[in-house]
Amino acid sequence: MTQMISMNPYTGKQNQAYQSFDLGLLDDALSRVSQAQKVWAEQSLAARAQYLQKLASLLREKKDELARLATSEMGKTLSSAAAEVEKCAWVCEYYAEQGAGMLATENVSGEGLDGKVMYQPMGVILAIMPWNFPYWQVFRFLAPALMAGNAAVLKHASNVPGCALAIESLCREAGLDEDLFRTLLVSGSDSARVIRHPLIQAVTFTGSTDAGRKVAAEAGQYLKKTVLELGGSDPYLVLDDADVGKAVESCVTSRLLNNGQSCIAAKRFIVDEKVYGAFVAGMADAMAAKSVGDPMQSDIDIGPQARDDLSESLAHQVEESIRLGAVLVTGGKRKGSLFWPTVLGEVRPGMPAFDEELFGPVAAVIRARDEASAVALANQSEFGLGGAVFSRDTERAERVARQLQVGAVAINDFVKSDPRMPFGGVKASGYGRELSVFGIREFTNIKSLVTG
């Protein structure tokens, strides 16, 4: 049988080899998951909530161990990995506390109508998840899916098999049936076979736009529902009346989240020409001050990119943008998987830094003539995940925010996912929503019942 190898992106050394899942056993495995789901669906909402609370407790109890595993597999700093685990505990608690109300049967009455709306589980849901937030991406789907009475099968990214198996182990330790959540260590090319299996009822996918199109196409052949959270090139608009210092702080924080490898991170900084110079100078100073190195060390701000080839691709995008006229303000240095925080100025449409997603610590700063120009530049993108507006006038900022073609906007702050708010995008950034009441209902059969 083949193996899945976990590599440390900072040291370049092997962490561990894991046995890949034998697809010849797929029918049996999914049959077991389906049977476990049927039993689970009969559990009361209160009982399901207790399991989620236990999961939250275990996540906190094992936070340090889980954080070190994530850092060793994909390179995020140890402190950010620990924060990710803590957030997973939060989403478990949130749905344990709020899920019953979200799933409660609703009475609908009117002239000649005595109706109910019920939220029933769909069955077995396949989650195809990326490496950048190896725990959070899974738990933000898993907690509401379990609370709704579903079972889940995880096909995780091939470079984080240890994290994938750790999640399975946590579920079993929490007392869940060993088949209610299963990790399948299979390659991306084998995903289609799992998607088309008749026991899989729906698919949730987080990853690149190109891969998302393939998942949607495969699932669509079998009329299986999909929720897609795809790439982003989030525009952050800095208007002429913005507090530039506050804007710089939020923009740098967002751009460098997870070593710059976050779909929802700020990518394009569209700055009014009246404050452009001050913003670029402030951002360059803040980015240049960040320490780069071993993510296990507490004094390091930026660890490696998850793989050498990702760092190399990012370097090509930067070099091509400079060739086309972008100005290298600071950074641009690369050593293996390490990539130093970089600021590109005078970025324009037609450059990779504007048109493509830069999945790493590179800020693309774009000059805007005025507010209308800033909005037009923001929407001149195939992506529509998130965005932000910086202005001392919050009414003005909200008016601008309403014009952005994105799924989430922050005002005078950076965008972040929160269990209490729906999360997802439009255009090439996908469809459907995770989190909040919308997320838990995505994978339910919303059933109408009318009494005559």
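In this predicted model, L126 stands opposite V153 in strand 6, and this pair offers a convenient place to enter the structure. L126 lies within the range of strand 5 (residues 124–128), which is joined to strand 6 by 5 bridges, the two strands running parallel. The connection between them passes through helix 5 (residues 136–147), and strand 5, helix 5 and strand 6 together make a right-handed β-α-β unit.

On another pairing, strand 6 meets strand 7 (residues 181–183), again in the parallel sense, over 3 bridges, and here L154 stands opposite T183 in strand 7. Helix 6 (residues 161–173) takes part in this second arrangement, since strand 6, helix 6 and strand 7 make a right-handed β-α-β unit. Strand 6 thus belongs both to the unit with strand 5 and helix 5 and to the unit with helix 6 and strand 7.

What can be said of the surroundings of strand 6 itself? Because 5 of the 5 residues of strand 6 (residues 151–155) are buried, the strand is largely enclosed by the rest of the structure; buried here means under 20% relative accessible area. The side to which a residue points makes no exception to this, for A151, V153 and K155 point one way and A152 and L154 the other way, and all are buried.

Helix 5, already met between strands 5 and 6, also leads to the enclosed spaces of the model. There are 2 cavities of 30 Å³ or more, and the largest has a volume of about 80 Å³. Its lining consists of 13 residues, with R140, F141, P144, G439 and F443 lying nearest the centre. Helix 5 and helix 15 (436–442) each supply at least two residues of this lining, and helix 5 gives the most, with 4 residues. By class, the lining of the largest cavity has 7 nonpolar, 3 polar and 3 charged residues.

The second largest cavity has a volume of about 60 Å³, and of the 15 residues that line it, P235, A378, F383, G384 and V406 are the closest to its centre. Strand 10 (234–238) and helix 13 (371–379) are the elements that give two or more residues to this lining, which by class has 6 nonpolar, 6 polar and 3 charged residues.

Turning to the open pockets, the largest has a volume of about 1,200 Å³ and is lined by 49 residues, of which W131, G207, S208, A211 and R307 lie nearest its centre. Several elements each supply at least two residues of this lining, namely strand 1 (3–7), helix 7 (191–195), strand 8 (200–206), helix 8 (209–221) and helix 11 (308–323), and the largest share, 7 residues, comes from helix 8. The lining of the largest pocket has 19 nonpolar, 18 polar and 12 charged residues.

The second largest pocket, with a volume of about 660 Å³, is lined by 31 residues, and S80, F133, T253, L257 and N258 are the closest to its centre. Helix 5 appears again here, as the elements that give two or more residues to the lining are helix 4 (78–103), helix 5 and helix 9 (244–255). In this case helix 4 gives the most, with 5 residues, and by class the lining has 13 nonpolar, 10 polar and 8 charged residues.

Notes:
Residues are numbered from 1 along each chain as its sequence is written. This is a predicted model: local features need pLDDT of at least 70, side-chain atom pairs count only at pLDDT 80 or more; totals for chains, interfaces and linings use all residues. Side-chain values use heavy atoms; hydrogens and water are left out. Buried means under 20% relative accessible area, exposed over 50%, partly exposed in between (1.4 Å probe, protein chains only). Two strands pair if DSSP finds at least two bridges between them. A crossover is right-handed if, with the strands pointing away from the viewer, the path from the first strand over the helix to the second runs clockwise. On a 1 Å grid over the protein atoms alone, a cavity is a set of points where a 1.4 Å probe fits but cannot get out, and a pocket is an open set with protein on both sides within 12 Å along at least five of seven lines; lining residues have an atom within 4 Å of a point. Grid points are joined across faces, edges and corners, and a volume is the space filled by probe spheres set on the points. Ala, Val, Leu, Ile, Met, Phe, Trp, Tyr, Cys and Pro count as nonpolar, Asp, Glu, Lys and Arg as charged, and the others, Gly among them, as polar.
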